[in-house]
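Reader: I should like to learn how to read a binding site and a sheet in a model. May we take them in turn?

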Amino acid sequence: MTSRRLQVYATGAVTVTFDPNICVHSGACVRGLPQVFNVREKRWVRPERAPADAVIAQVQRCPSGALRAWRAGEDPSPGHDGAHAATAPDADDVPLEERGG
Ligand code: SF4
């Protein structure tokens with residue numbers, strides 16, 4: 001299995017990262033905060049659409065740890081050194097129970 005790139009989505013208030021390699025496709029994110037986590041959109045994480053508190057609270061419910069989040073000005077947890085700028089994920093790189101088709 002090839003390793004997929006860490007995705008980074010940042011606003012002025014919060015940064016969210018998603019590691020498609022460890023997502024278990026529970027769908028908790030898209031059900032819990034659908035205005036932010038919407039796999040029907042090319043840029044599927046939109047942290048600017050909810051308060052930072054809500055985004056972080058939802059990220060903390062991710063059962064696999066694929067999602068991580070921290071506030072602007074805080075140090076991220078270890079493990080983000082290789083983060084790349086956000087790019088539109090490939091269709092296979094989003095948590096997809098709702099992909100349809
Ligand atoms: S990123 Fe979303 S779909 Fe994947 S494990 Fe976390 S909550 Fe579940």
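Reader: Which residues surround the ligand most closely, and how many residues surround it in total?

Author: One begins with the shell, that is, the residues with a heavy atom within 4 Å of the ligand. In this predicted model, 13 residues surround the ligand, and the closest are Cys 23, Ser 26, Cys 29, Cys 62 and Pro 95.

Reader: How many residues of the shell around the ligand are nonpolar, polar or charged?

Author: The shell holds nine nonpolar residues and four polar ones, with no charged residues.

Reader: What is the space taken by the ligand?

Author: The ligand takes the space of the largest cavity. With a threshold of 30 Å³ or more, the count is one cavity. The largest cavity holds about 90 Å³ of space. Its lining comprises 14 residues, of which Cys 23, Ser 26, Cys 29, Cys 62 and Pro 63 are the closest to the centre.

Reader: What is the class make-up of the lining of the largest cavity?

Author: Ten of the lining residues are nonpolar and four are polar, while no charged residues appear there.

Reader: Let us turn to the sheet. How do strands of a sheet pair?

Author: Pairing is through backbone hydrogen bonds, and strands may run parallel or antiparallel. Here an open sheet of three strands has the order E1-E2-E3, and the pairing is antiparallel. Strand E1 (7-10) and strand E3 (67-71) are the edge strands, each pairing on one side only. From one strand to the next, the twist averages 15 degrees.

Reader: How many bridges join E1 and E2, and how many residues lie between them in the hairpin?

Author: E1 and E2 are joined in the antiparallel sense over four bridges, and this hairpin has three residues between its strands. Within this pairing, Val 8 stands opposite Thr 17 in E2.

Reader: Over how many bridges do E2 and E3 pair?

Author: Strand E2 (residues 14-18) pairs with E3 over five bridges, in the antiparallel sense. There, Phe 18 stands opposite Leu 67 in E3.

Technical notes. Residues numbered from 1 in each chain as written. Predicted model: local features only at pLDDT ≥ 70, side-chain atom pairs only at ≥ 80, totals over all residues. Heavy atoms only, no water. 1 Å grid on protein atoms, 1.4 Å probe; cavity = no way out; pocket = protein on both sides within 12 Å on 5 of 7 lines; lining within 4 Å. Points joined across faces, edges and corners; volume = space filled by probe spheres on them. Nonpolar A, V, L, I, M, F, W, Y, C, P; charged D, E, K, R; others polar. Sits in = over half its atoms within 2 Å of the grid points. Pairing = 2+ DSSP bridges. Helix = DSSP H or I, 4+ residues; strand = E, 2+ residues; numbered from the N terminus. Axes fitted to C-alpha atoms, helices over the stretch in contact; angles between N-to-C directions.
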